[in-house]
Amino acid sequence: MLSLVNKNILLGITGGIAAYKTPDLVRRLRDLGANVQVVLSKNAGDFVSEIALQAVSGHSVHNYKMDAESESGMGHIDLARWADAVLIAPATANFIARLKNGEADELLTTLCVATNAQIAIAPAMNQQMWANQATQENIKHLESIGVAILGPDSGDQACGEVGLGRMLQPIDLAERTAALFETGSLAGKSVMLTAGPTWEALDPVRGITNHSSGLMGYAIAQAAVEAGAKVTLVTGPTHLAVPNHVNAINVVSALDMQAAVMENIESQDIFIGVAAVADYRPVEVADCKIKKKTDEDTMTITMVKNPDILAGVAALEKPPFTVGFAAETNDVEQYARGKLERKKLDMIAANHVGGNTTGFGTPDNEIKLITKDDIIQLEKASKTQIARQLIEHVSIKFNKAK
Ligand code: PMT
């Protein structure tokens, strides 16, 4: 479970528009149990109020000057020692360059040089500035010396452009900060899963679906959180409660599911397709309820193939470690191997379905994990236990493949 209980987080805020989100970030860090102190860079005060930060952190805010008064009586070395982690959010391109150069010209840069705590930065800038070669080289260097890079996210930017460069949302940043302290096998990694069935509408009241309850996918999401990962769950309609610390995106149809996956796939390290996605959808969806025809005993529905979400992820230029499931009633291993090769997956979970005790809607499951050179049998157990074993094997293979 992600937690910051008893952790001292020094939040450094630099001068970018995303600084307006930092009072919320302080709240989110504190919600996870952290003690938070805030240090503003020279320009940060133009974007966020010291009073707001003081109110939410419960401490007076340190600004850029290094005189005893502005540091509220705490010397910068003491502050550097106090921190269990230093989180710079937002981190501007300028600050990133100064951090890379080891500058110590104001309180925040000095703290970064003086601390031996983990430093994490949440870049936030215009997409061109993020793509700029100098910025990318600075980021690479910081990563190589152990600075954690959290984000950035993509989407609409304050400047009106669209692209990579937005600061991650406060809740994500707080969780990623907590993950820095996790020692789980997927600590700090991002995992996306699909789960549940899809619903392919025929008309406003009818549709085509299947018996997937979502249990297997939700259990894997929970196991990934326990392993320290940041988890996004793209889920079809189910009756299940979303596990804590899982970011759930609710979808209905295969097309919705594909859109949600592709919109969020870029930052993922691992993708696991557990959903029972409809292979076909009706070509036409009637606007009104389809009426029974009194003079005809049969009805024909023309279907069109849905996109294969899993294969689409595996075919990306830089795919995450991609794991599929194969639900089969017969020749399970043979069909699963076929899917592993055809869809170019890193691993597939061959799931025998059709009986009463494993597969769709059952509390237990039994699967074979197949890679191109390995096969691991997970004996029948609760879906929670199967999920934990699966995550353990996925993290071993993922860490080897890196
Ligand atoms: O939800 P539960 O009740 O707990 O049941 C769990 C489960 C039986 C649904 C699960 O363990 C399972 O086997 N899921 C895969 C179900 C399935 O539809 O398998 P498939 O063989 O049709 O698809 C192969 C893979 O391609 C799957 O990873 C599937 O998510 C993916 N796929 C399939 C079609 C499509 N259009 N897009 C996809 O991404």
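The following conversation introduces a predicted model, its ligand site and some of its strands.

Trainee: How many residues surround the ligand, and which are the closest?
Mentor: This is a predicted model, and in it 27 residues surround the ligand. The closest are S212, S213, A275, K339 and N351.

Trainee: What does S213 do there with its side chain?
Mentor: A polar atom in the side chain of S213 lies 2.6 Å from an oxygen atom of the ligand.

Trainee: And which backbone atoms lie by a nitrogen atom of the ligand?
Mentor: For I309, a backbone N or O atom is 3.1 Å from a nitrogen atom of the ligand. A327 also takes part through its backbone, with an N or O atom 3.3 Å from an oxygen atom of the ligand.

Trainee: How much of the ligand's accessible area does the protein cover?
Mentor: On its own the ligand has 780 Å² of accessible area, and the protein covers 95% of it.

Trainee: In which pocket does the ligand sit?
Mentor: The ligand sits in the second largest pocket.

Trainee: Which elements give two or more residues to the shell around the ligand?
Mentor: They are α9 (215-226), α11 (309-314) and β16 (321-328). The largest share comes from β16, which gives four residues.

Trainee: How do the shell residues divide into nonpolar, polar and charged?
Mentor: The shell around the ligand has 13 nonpolar residues, nine polar ones and five charged ones.

Trainee: Changing topic, what is the order of the strands in the open sheet of five?
Mentor: The order is β2-β1-β3-β4-β5, and the pairing is parallel.

Trainee: Which strands are at the edges?
Mentor: The edge strands are β2 (35-40) and β5 (148-149), each of which pairs on one side only.

Trainee: How many bridges are there between β3 and β4?
Mentor: Strand β3, residues 85-91, pairs with strand β4, residues 118-123, over five bridges in the parallel sense. As an example, A85 has Q118 in β4 as its bridge partner.

Trainee: What do strands of a sheet pair through, in general?
Mentor: They pair through backbone hydrogen bonds, and the pairing can be parallel or antiparallel.

Trainee: Then do β9 and β10 run parallel or antiparallel?
Mentor: They run antiparallel, with three bridges joining β9 (residues 200-203) to β10 (residues 206-208). One bridge partner to look for is G207 in β10, which is paired with A201.

Trainee: What joins β9 to β10 along the chain?
Mentor: A hairpin joins β9 to β10, through two residues.

Technical notes: Residues are numbered from 1 along each chain as its sequence is written. This is a predicted model: local features need pLDDT of at least 70, side-chain atom pairs count only at pLDDT 80 or more; totals for chains, interfaces and linings use all residues. Side-chain values use heavy atoms; hydrogens and water are left out. A residue is near a molecule or strand if one of its heavy atoms lies within 4 Å of it. A polar contact is a pair of N or O atoms within 3.5 Å; within protein, one must be able to donate a hydrogen and the other to accept it, and residues adjacent in sequence count only if both atoms are side-chain atoms. Accessible areas come from the Shrake-Rupley method with a 1.4 Å probe; for residues, only the protein chains shown count as cover. On a 1 Å grid over the protein atoms alone, a cavity is a set of points where a 1.4 Å probe fits but cannot get out, and a pocket is an open set with protein on both sides within 12 Å along at least five of seven lines; lining residues have an atom within 4 Å of a point. A molecule sits in a cavity or pocket if more than half of its atoms lie within 2 Å of its grid points. Ala, Val, Leu, Ile, Met, Phe, Trp, Tyr, Cys and Pro count as nonpolar, Asp, Glu, Lys and Arg as charged, and the others, Gly among them, as polar. Two strands pair if DSSP finds at least two bridges between them.
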